[in-house]
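Here's a relaxed walk through one structure, with a stop at its aromatic rings and its strands. Have a look at the picture, then read on.

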Amino acid sequence: MRRKHIFLIALLTFLGLAPSLRAQDFALKTNIISDATLSPNLGAEITVAPKWSLDLSGQLNAWDLDNGKKWKHWLVQPEARYWFCEATSGHFLGLHALGGEYNFGHIDMPFKFLGSNFKKLKDNRYQGWFAGAGVAYGYSWLLGKHWNLEAEIGLGWVYTRYDVYECEGCGRKTASGRHHNYVGPTKAAINLVYVF
């Protein structure tokens with residue numbers, strides 16, 4: 001419940017800044033990569049100085065998959081951006097945080113990646129929360145008066161605590177309070193951006 005209060009405070013603070021901005025200092029966006037994985041998302045960005053902006057993105061995947069598979073999560077990712085030219089166009093560096101909750105299981109992903117063993121998802125279900133931080137590089141192309149296309153990649157660290165459940169019917173808990181540290185990609189985005 002505490003994480004939800006923190007998210008709500010961050011969102012209200014972000015939205016509280018929006019009315020004092022000129023229209024061209026505000027943009028809405030969607031990450032096409034997340035959309036392709038059926039994880040609806042929305043982002044907003046405000047310019048706070050000629051070369052600085054604040055970005056807040058969130059996504060939600062609440063779908064039940066067939067055959068008892070689970071791939072549910074929500075994610076919030078605030079980011080401060082420094083633009084090399086002017087805010088919302090060209091190259092930028094970002095410093096982001098991320099947090100959320102997940103419920104994954106009964107999915108056949110037969111590989112390991114940067115210390116995370118995704119093979120275990122086939123026989124178990126994992127439910128928990130995560131938080132982390134990272135740095136990012138991106139570029140924004142102007143497509144028209146109100147449209148931009150933005151690409152971004154980020155690297156960082158994520159800490160997670162989770163419980164493990166049997167995958168047969170995704171029932172009985174087999175482990176509690178486990179944790180894992182992940183270091184690697186923390187952000188990948190191709191954003192379609194509408195600038196007001």
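Tyr 162 has a relative accessibility of 15%, so this residue counts as buried (buried is under 20% relative accessible area, exposed over 50%, partly exposed in between, with a 1.4 Å probe and protein chains only). Tyr 126 is buried too, at 13%. Bear in mind that this is a predicted model, where local features need pLDDT of at least 70, side-chain atom pairs count only at pLDDT 80 or more, and totals for chains, interfaces and linings use all residues. Residues are numbered from 1 along each chain as its sequence is written, and side-chain values use heavy atoms, with hydrogens and water left out.

Now for the rings. Searching the whole structure turns up 11 aromatic pairs (rings of Phe, Tyr and Trp, the last by its six-membered ring, pair if their centres lie within 6.5 Å; planes under 30 degrees apart are stacked, over 60 edge-to-face, the rest tilted). Here are two of them:

| Pair | Centre distance | Plane angle | Type |
|---|---|---|---|
| Tyr 126 and Tyr 162 | 5.4 Å | 65° | edge-to-face |
| Trp 147 and Tyr 194 | 5.0 Å | 70° | edge-to-face |

Tyr 126 sits in strand β8 and Tyr 162 in strand β9 (residues 147-166), so their pair ties together parts 36 residues apart in sequence. (Strands are DSSP runs of E, at least two residues, numbered from the N terminus.) The other pair also links distant parts of the chain, with Trp 147 in strand β9 and Tyr 194 in strand β10 (residues 173-195), 47 residues apart. Trp 147 is partly exposed at 40%, and Tyr 194 is partly exposed at 28%. Both belong to one aromatic cluster with Phe 26 and Phe 196.

How do the strands fit together? Eight of them, in the order β1-β2-β3-β4-β5-β8-β9-β10, make a closed barrel with antiparallel pairing (two strands pair if DSSP finds at least two bridges between them). Within that sheet, β5 (residues 90-105) and β8 (residues 124-142) pair in the antiparallel sense over 16 bridges, and Gly 94 stands opposite Ala 136 in β8.

One last stop is strand β3 (residues 52-61), home of Asp 55. Is Asp 55 buried or exposed? Asp 55 is buried, with a relative accessible area of 2%. Its side chain joins that of Ser 57 through a polar contact of 3.1 Å (a pair of N or O atoms within 3.5 Å; within protein, one must be able to donate a hydrogen and the other to accept it, and residues adjacent in sequence count only if both atoms are side-chain atoms).

Notes
Helices (H or I, at least four residues) and strands (E, at least two) are DSSP runs, numbered from the N terminus.
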